[in-house]
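Here are some notes to read alongside the model. Keep the 3D view open and check each point as you go.

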Amino acid sequence: MAAVARGPWLPRAWLCRRAGPGCGRHYRAALCAELKQPLAIEEVASRPVRPHEVRVDVHFCGVNFADILVCRGQYQEKPQLPFIPGMEFSGTVLEIGTDVSIVKEMLWQIPERAPLREAAALPVSYGTAILALEHRARTRPGETVLVTAAAGATGLAVIDVATNVLQAQVFVIAATGSDEKCKLALQKGAQSTVNYSQGSLKEAVRKLVGSAGVNVAIDTVGGDVFLEALRSLAWEGRIVVVGFAGGNIASVPANLLLLKNISAMGLYWGRYKEQSFPIFSRTLSSALQYCQQGRIQPHIGAVFKLEEVNDAFLHVIQRKSTGKVLISLK
Ligand SMILES: NC(=O)c1ccc[n+]([C@@H]2O[C@H](COP(=O)([O-])OP(=O)(O)OC[C@H]3O[C@@H](n4cnc5c(N)ncnc54)[C@H](OP(=O)(O)O)[C@@H]3O)[C@@H](O)[C@H]2O)c1
């Protein structure tokens, strides 16, 4: 869970309060009581904030593809039932536990100019996009970037960061499963598009950039789309494995890596939280800063109410969504 919130970033004296305004109340939550079943909206009793906790009034939650996998028991992390799914939210800090000295551990402060709605769309998608392009692939000016499922939450974030943060001259090819999604990717800054539902991704990329291939590929689909992206790489190209939205995990033909000195690498953004917190934290601070500066603009494709959470999940899993899908609690 990574979240962004707006102050008050309370002075130390405030941190000593025992019971806060939220204590004793009830709040609504979408609960997963059984895997592969619809979530239930329940009233949950609020309890006093523990010394290491912070109470946040949540305004918006992001719906991630991974949330659906978690609720189906198909994700690498398997929380104990019953649980409240969710990986990111934005809100307002209400109360801070007595042992919390800096509200920085899993909360990042939203700058004044960044709206709460947009802020909720940042952590997972932009954290991943920044990490993939900058830290893993080490994308350089003048390089070509191929991104798959390019109109999705991660895909559009990759386009946004590549074109608006990585100091220009990065040529982005957006690969998606429909003409409408290709059109959106172009509007959001991609220079070229490929609809991979209509033929070979590799052949289409070759027509666009010639046999030299692309320098970087960011793949969230897996299976054949991953293999075609791998085969589209240039000499010393880098492919970043981000997800398997298509449901199939491909094996990497090692000879392809050897022939063109290619690097295939994985990326699990959330794991940096435990393994390398400064890197994890930097992706969030950077995303918030870029958003405040107006350099990036998350695309919010749909906003659902909490009661509509199962419709929101269907919208994502049926490939109908573009950009980030949010749940509004206000
Ligand atoms: N490793 C990490 O740290 C990390 C971080 C973020 C996301 N992810 C993973 O990356 C993937 C995409 O996440 P996201 O949040 O960007 O999701 P998203 O916005 O829902 O995008 C998913 C897209 O994948 C494409 N897709 C292809 N085959 C599909 C299928 N059989 N079923 C559903 N979608 C299919 C669809 O786009 P087209 O119609 O254009 O093909 C769909 O819109 C997920 O697997 C997620 O778990 C991993």
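Which of the 31 residues around the ligand come nearest?

1. **The nearest residues.** This is a predicted model, so keep that in mind throughout. Gly152, Thr154, Gly177, Gly243 and Ala245 come nearest to the ligand. They belong to a set of 31 residues around the ligand. Find these five in the view before moving on.

2. **Where the shell comes from.** Four elements give two or more residues to the shell around the ligand. They are α1 (65–72), α3 (123–136), α4 (153–164) and α11 (309–317). The largest share comes from α4, with three residues.

3. **What the shell is made of.** Sort the shell residues by class. The ligand is surrounded by 15 nonpolar residues, 14 polar ones and two charged ones.

4. **Two domains.** The chain is divided into domain 1 (2–121 + 299–328) and domain 2 (125–270). Note that domain 1 is written as two stretches of sequence. The C-alpha centres of the two domains lie 30 Å apart.

5. **The ligand's place.** Where does the ligand lie relative to the two domains? Domain 1 and domain 2 both give residues to the shell, so the ligand lies between them.

6. **Where the domains touch.** Eight residues of domain 1 are in contact with 10 residues of domain 2. On the domain 1 side, the touching residues are two nonpolar, four polar and two charged.

7. **The whole chain.** Now step back. The chain has 11 helices and 14 strands. Its radius of gyration is 21 Å, close to the 20 Å that the globule rule gives for 330 residues, so the chain is as compact as a globular protein of that length. Along its principal axes, the C-alpha trace spans about 65 × 40 × 35 Å.

8. **Burial and contacts.** Of the 330 residues, 43% count as buried. Take the contacts with a separation of 6 or more: residues 24 or more positions apart account for 70% of them.

9. **A covered strand.** Look at strand β7, residues 144–148. Are its faces covered or open? Both faces of β7 are covered. Thr144, Leu146 and Thr148 are buried on one side. Val145 and Val147 are buried on the other. That makes five of five residues buried in this strand. The split into two sides fits a general pattern. In a regular strand, side chains alternate between the two faces of the sheet.

10. **Partners of β7.** Strand β7 pairs with β8 (residues 171–176) in the parallel sense, over five bridges. There, leucine 146 has isoleucine 173 of β8 as its bridge partner. Strand β7 also pairs with β10 (residues 214–219), again in the parallel sense, over three bridges. In that pairing, valine 147 has isoleucine 218 of β10 as its bridge partner.

11. **One loop residue.** Asparagine 248 is in the loop between β11 (233–241) and α8 (254–259). Is asparagine 248 buried or partly exposed? It has 13 other C-beta atoms within 10 Å, so asparagine 248 is partly exposed. Leaving out residues up to four places away in sequence, asparagine 248 touches Gly222 and Gly223.

12. **A distance to check.** Asparagine 248 and valine 325 are 77 residues apart along the chain. Their C-alpha atoms are separated by 23 Å. Try finding both residues in the view.

Definitions and conventions:
Residues numbered from 1 in each chain as written. Predicted model: local features only at pLDDT ≥ 70, side-chain atom pairs only at ≥ 80, totals over all residues. Rg over C-alpha atoms; globule rule 2.2 N^0.38 Å. Buried ≥ 20, exposed ≤ 12 C-beta atoms within 10 Å, placed from the backbone. Contact = placed C-beta atoms within 7 Å. Pairing = 2+ DSSP bridges. Near = placed C-beta within 6 Å. Nonpolar A, V, L, I, M, F, W, Y, C, P; charged D, E, K, R; others polar. Domains from an automatic or database assignment.
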